[in-house]
Amino acid sequence: MNSFFERRYVVAGIFITFVLILLARLFYIQVVDDRYFLYASQNVVRKFVKYPARGPILDRNGTIMVQNQPIYDIVVIPKQVKPFDTVEFCKLLGIDKEGYDKRMIKARKYSPYRASVFEKQLSAQLYASFQERLSEFPGFFPQQRIIRTYPDSAAAQFLGYIGEVTDPIIKRSGGYYAPGDYIGITGVERSYETLLRGTRGVERSMVDSRNVVKGKYANGAYDTVAAAGERLVSSLDMRIQKLGEALMKNKVGSIVAIEPSTGEILAFVSSPTYDPNLLVGRERGNNAAKLYKDPYKPFFTRPVQAYYPPGSSFKPLSALIGLQEGIIKPTDTYNCIGYYMAGNHRVKCTHVHGTVNLAGAIAGSCNGYFNMVFAKVLNARGGKNTDASYTNWKANVNKFGFGVRLGVDIPSEGRGLVPTAQYYDKIYHRGGWRSTTVASLAIGQGELLATPLQLANIEATIANHGFYYKPHLIKAIGDKQVIKHEYTVKNYVGIDAQYFEPVINGMQSVVDYGTGQGSKIPGIIMCGKTGTAQNPHGKNHSLFVAFAPRDNPKIAIAVVVENSGDGGTWAAPIASFIVEKYLRDTITKRESGIYPEYYMEKNLLPDIIVKPADKAKIKADSIKKATADSVKKAAADSVKKLKSAQNKPEKKAGDAKVTAMLPKRKDDE
């Protein structure tokens, strides 16, 4: 009897244990592990993400710079894939079997139960042919997306490009982005990503076992509508942007033009450039790889990333600091004898200018005059206090935007370089250097470096007689014409307005009869300054800065043409074409006989310096290719001879003897 009761408890215990295990398993399946829920729900309900139209970008005159084009991704849920004709599937998508296998492995690795992108960016035509047979391929379904198109194929570095998100981007976004999503990578597309991308929507649909949509889930109660991205109105004028790109074709350098009264950037040319349409579509990766290998670096945004010695274009700024410090007066003269003695060494001047005042020194670009001004500024507190005087000079230069970031609304802006006193202390030790030691700074050389944007901003500051607005590329956001407050604030540089007129007089003379007279525009008074920036790797860089007209200036500009010589030969004429096109929408015939087509057609690309290691590789590749070509040629000749022997009758003994006496062909040796 006791044995019976014992067995009853054992059986009951086993039964209770089994029930508990079953309940625990059900709890795990339904609450803890969502795989089965996802798998089951996706058999019935399909969630379609509705990607919004990315905001368009227009130029200041309403010309469309970037617009949208619909494309289609093919998405896969690996667990729902059943056997089908893989060869036909690959044929429809234009991929091979190896590519199919790689994509499926990647999709399974991401998740067997969740949708991921299998093939990207099918055109509407290719998608149409695939859509007709979609039911033959269970587990695959389409996802519409939007890509960018560029009607004018211009302003690539300004606009930037979009690309697929990476794992770090997904992580930083807090789950907003998912694999297969696109994001602004460079340029304005990156800076204004949150405005341009819009808001995604979701549509839930009922599907059958063949992945065919049968209607909305819950009558659309859980659907959300996508909201398009904001429209951006850029400050660029596509008339002068395209002209600038044409003028800089086959040249390395940059053009930046600014409207002084607003800080709006009118032209943003980086050369060499590229067609932004190359970075759209299924060939994007191949095209990007080619551009990255281009030795002239088309992805390098020269207006804000390239550093150049400002050269003589720095002289007006140097004069303004001297005037404000009370070191010089506009009427003070200097006798230029062709050189300036900086300590115990001579600093050459461009000419023997004789007696010059401030305006004359700017017009003739007299190195000696500005070395004299610089020396007086740094020696104002005595020779033993050069550090303090230099620090004060540097602070004044920084106020103009040299050596600091201006805060333009585009990524990766450089700050240029204005060395600190501590920098020279490390080189020469504290107290071991004087104004003569760093005399090259007076004429925009030495360690002084600036971006083209900074050079153009200096001209906007001079045009405004002492202040500038932060340069920016977007002038309005959305229908409300919103603009960031920081771009409406005047930034004063600490120079009294009265000191600008004598400097501007000299700059007008530069164009009227000085080093920039080749850029003179009939009927327009332009004030400018040529520069020849020294380059240790080849010919000097041609540089020109200017603003026009003199009264109520509408445009300030900086042009840099690398490895092309002096500023008056290349940079100045190019700048004059841009200025006249902007002010008049036409380019008149010049007395000097220059015309835009000459500059458009001229190739000034510098020779690429090849490193010894690269030379060795190129040589090895050439030998390898030549050997392979020789083997192919020899094999082809052998086959040709064999066929000839088979088709022709045997030669007689005499013929053979004559043939043997003839000289051998090179390819027979």
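Residues are called buried when their relative accessible area is under 20%, exposed when it is over 50%, and partly exposed in between. The structure described here is a predicted model, and the terms are applied to it throughout in that sense.

Helix α4 comprises the 14 residues 97-110, for which a rise of 1.5 Å a residue leads to an expected span of 20 Å; the C-alpha atoms at its two ends are 20 Å apart, in agreement with that expectation. Within α4, the residues Gly-99, Tyr-100, Met-104 and Ala-107 are buried. Because these residues cover an arc of only 130 degrees around the axis, they fall on the same side of α4. On the face of the helix that is turned away from this buried side, the exposed residues are Glu-98, Lys-102, Ile-105, Lys-106 and Lys-109.

A nonpolar patch occurs on the surface, with an area of about 790 Å², and is made by Phe-15, Ile-16, Phe-18, Val-19, Leu-20, Leu-22, Leu-23 and Leu-26. One of these residues, Leu-26, belongs to helix α1, which covers residues 2-32. With a relative accessible area of 39%, Leu-26 is classed as partly exposed, since that category lies between the limits of 20% and 50%.

The cysteines were examined for disulfides, and a search of the whole structure finds 0 of them. For Cys-336, the closest cysteine sulfur is that of Cys-366, at a distance of 3.7 Å, which is too far for a bond, because a disulfide is assigned to a pair of cysteine sulfur atoms within 2.5 Å. Cys-336 is itself buried, its relative accessible area being 2%, and Cys-90 is likewise assigned as buried, with a value of 5%. The C-alpha atom of Cys-336 is separated by 7.4 Å from that of Val-356, a residue 20 positions away along the chain. Val-356 is located in strand β16, formed by residues 354-356, and is buried as well, at a relative accessible area of 9%.

Several features of the backbone geometry are found in loops. In general, most peptide bonds are trans, and most residues other than glycine have a negative phi. Against that background, the peptide bond leading from Ser-271 to Pro-272 is cis, with omega near 0 degrees, and Pro-272 is placed in the loop that runs between β12 (264-271) and α11 (284-293). Ala-548 and Pro-549 are also joined by a cis peptide bond, for which omega is about -15 degrees; here Pro-549 is situated in the loop between β21 (541-548) and β22 (555-561).

The loop between β21 and β22 also contains Asn-552, a residue that is not a glycine but nevertheless has a positive phi, of about 55 degrees. Asn-552 counts as exposed, with a relative accessibility of 55%, as the limit for that class is over 50%. A positive phi, near 60 degrees, is found for His-465, again a residue other than glycine. His-465 is placed in the loop between α18 (452-463) and β17 (467-469), where its relative accessible area of 27% makes it partly exposed.

Terms used
Residues numbered from 1 in each chain as written. Predicted model: local features only at pLDDT ≥ 70, side-chain atom pairs only at ≥ 80, totals over all residues. Heavy atoms only, no water. Buried < 20%, exposed > 50% of the residue type's maximum accessible area, 1.4 Å probe, protein only. Patch = residues over 30% accessible without salt bridge, like charges linked within 9 Å, V, L, I, M, F, W, Y side chains within 5 Å. Areas by Shrake-Rupley, 256 points an atom, 1.4 Å probe, with all protein chains shown as cover. Salt bridge = Lys/Arg side-chain N within 4 Å of Asp/Glu carboxyl O. Helix = DSSP H or I, 4+ residues; strand = E, 2+ residues; numbered from the N terminus. Expected span 1.5 Å × (residues − 1). Arc of directions from axis to C-beta.
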